[in-house]
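Biologist: Got a minute to walk me through this one? I'd like to get a feel for the fold and the charged pairs.

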Amino acid sequence: MNLALDPIDNALLDRWQRDFPLVSRPFEVIAESLSLSEAEVLERLQKLNMAGAISRIGATCRPNTAGASTLAAVSVPELQVDHIASIIGSEAGVNHSYLRDNHWNIWFVATGPNRLHVDATLARIESATGLRVLNLPLVRPFNISLGFSLDGSGRMPPPRKSVDAEVLEPGDEAIMQALSTGLALTSRPFAELANTLGRSEAEVLRRVEALSAAGLLTRVGVIVRHRALGWRSNAMVVWELPEAEIESVGPALAAVPGVTLCYQRRPVPGVWPYTLYCMIHARSRAEAFGILERACDDVGLASVPHQVLFSVRCFKQTGALITEAKEATG
């Protein structure tokens with residue numbers, strides 16, 4: 001069942017998926033933009049959160065800068081899907097998990113403070129399920145975690161040209177973990193976050209601004225649950241593209257309206273040969289295939305071997321694990 005949004009809710013979710021005000025009272029700024037009171041904005045966000053329309057107010061972090069991550073998949077017999085999904089979802093580092101219509105049918109993202117942590121998560125899943133885990137590490141992102149327009153236009157902000165990991169300071173990982181988990185829906189959320197970390201509000205805001213400007217936070221804002229908002233025909237499309245062509249094709253594919261994510265991943269020879277990935281979020285399969293057809297025509301991918309993996313169920317959708325719990329709480 002899709003949630004019905006009134007025009008104000010729609011504007012709230014569409015406008016503030018990124019560029020969240022990095023000030024002491026951010027919801028007051030948002031309220032002014034919508035001719036509402038701060039209390040009304042907080043009440044609406046609370047209701048949307050309770051209804052499952054949003055995952056959190058916070059940030060998405062650029063993969064493999066602070067922390068590590070990988071995309072992974074297992075092939076599960078139909079009658080064991082729920083059981084295996086439960087095992088995978090019980091891992092704290094697994095932040096996204098979906099059933100897709102493919103032989104490799106449960107797909108998930110494993111995150112953690114470092115590569116050893118991620119590898120240990122995958123090893124535990126293999127041991128607990130008795131299944132081979134397909135490990136597909138990120139090689140190069142072209143467009144990641146920038147949200148998407150709810151009006152169906154497919155418009156996306158341009159991807160960043162560069163990222164400055166040198167700005168990281170001690171204690172930044174704890175801030176990034178808190179933003180990945182989500183801010184409190186209170187009038188001064190950064191003050192509450194600062195209090196949990198034993199730091200000042202001004203200091204936390206300064207670091208969030210620096211991390212955002214450097215591209216380590218890919219966006220700060222409302223993280224929506226797109227399936228609850230009617231975007232239920234979502235496909236991961238994978239192409240078997242030679243390494244030499246990816247550098248030019250990737251940015252062109254990322255620029256196609258309706259393509260919401262685009263990145264290169266390492267293949268598994270003899271098992272999974274695909275190197276270029278994109279996500280298409282749509283309201284119907286016909287709409288998704290229309291976007292795919294446009295992408296193939298515009299970018300010249302029509303003759304390239306590919307597969308289309310539609311999401312069938314969402315098992316888990318949370319923020320990434322960047323630090324261990326004891327580190328994230330100070």
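**Charged pairs and the fold**

Modeller: Let's start with Arg-207, which counts as buried at 3% relative accessibility. Keep in mind that this is a predicted model.

Biologist: Which residue forms a salt bridge with Arg-207?

Modeller: Glu-169 does, with the closest N and O atoms 3.4 Å apart. Unlike a buried residue, Glu-169 is partly exposed, with a relative accessible area of 32%.

Biologist: And where do the two sit in the chain?

Modeller: Glu-169 is in the loop between S6 and helix H6 (172-181), while Arg-207 belongs to helix H8 (residues 201-213), so the pair ties together parts that are 38 residues apart in sequence.

Biologist: How many salt bridges are there?

Modeller: The count comes to 13 salt bridges. One of them joins the side chains of Arg-124 and Glu-91, at 2.8 Å from N to O. That pair also links distant parts of the chain, 33 residues apart: Arg-124 is in helix H5, and Glu-91 is in the loop between helix H4 (81-89) and S3.

Biologist: Is Glu-91 buried or exposed?

Modeller: Glu-91 counts as buried, because its relative accessibility is 13% and the cut-off for buried is under 20%. Arg-124 counts as partly exposed at 40%.

Biologist: What about Arg-199, which residue does its side chain meet in a salt bridge?

Modeller: Its partner is Glu-203, at 3.1 Å from N to O. Glu-203 counts as partly exposed, with 28% relative accessibility. There's a network too: salt bridges that share partners join Asp-6, Asp-9 and Arg-44.

Biologist: OK, helices now. At what angle do H1 and H3 cross?

Modeller: The axes of helix H1 (residues 7-15) and helix H3 (residues 38-50) cross at roughly 85° and come within 11 Å. That makes H1 roughly perpendicular to H3. On the H1 side the contact is made by Ile-8, Asp-9, Leu-12 and Leu-13, and on the H3 side by Val-41, Arg-44, Leu-45 and Leu-48. Those residues divide into six nonpolar, no polar and two charged.

Biologist: Switching to the sheet, in what order do the strands come?

Modeller: Nine strands form an open sheet in the order S5-S2-S4-S3-S11-S8-S10-S9-S6, with antiparallel pairing. Strand S5 (134-136) and strand S6 (138-143) stand at the edges with a single partner strand each, so one side of each has no neighbour in the sheet. On average, neighbouring strands are turned by 30° against each other, direction ignored.

Biologist: How many bridges join S9 to S10?

Modeller: Five bridges join strand S9 (residues 259-265) to strand S10 (residues 276-282), and the two run antiparallel. Among the pairings, Gln-264 has Leu-276 in S10 as its bridge partner.

Biologist: Which strands does H5 lie across?

Modeller: Helix H5 (residues 115-129) lies across S2, S3, S4 and S5, running at about 145° to S4. Helix H9 (residues 243-254) lies across S6, S8, S9 and S10, at about 30° to S6.

Biologist: Last topic, backbone oddities. What's up with the phi of Ser-35?

Modeller: Ser-35 has a positive phi of about 55° although it is not a glycine. Ser-35 lies in the loop between helix H2 (26-33) and H3, and counts as exposed at 69% relative accessibility. Asn-64 has a positive phi as well, about 60°, and is not a glycine either. Asn-64 lies in the loop between strand S1 (54-61) and S2, and counts as partly exposed at 30%.

How values were computed:
Residues are numbered from 1 along each chain as its sequence is written. This is a predicted model: local features need pLDDT of at least 70, side-chain atom pairs count only at pLDDT 80 or more; totals for chains, interfaces and linings use all residues. Side-chain values use heavy atoms; hydrogens and water are left out. Axes are lines fitted to C-alpha atoms, for helices over the stretch in contact, and angles run from 0 to 180 degrees between N-to-C directions. Helices (H or I, at least four residues) and strands (E, at least two) are DSSP runs, numbered from the N terminus. Angles under 35 degrees count as roughly parallel, over 145 as roughly antiparallel, 65 to 115 as roughly perpendicular and the rest as oblique. Contact means heavy atoms within 4.5 Å. Ala, Val, Leu, Ile, Met, Phe, Trp, Tyr, Cys and Pro count as nonpolar, Asp, Glu, Lys and Arg as charged, and the others, Gly among them, as polar. Two strands pair if DSSP finds at least two bridges between them. A salt bridge is a side-chain nitrogen of Lys or Arg within 4 Å of a carboxyl oxygen of Asp or Glu. Buried means under 20% relative accessible area, exposed over 50%, partly exposed in between (1.4 Å probe, protein chains only).
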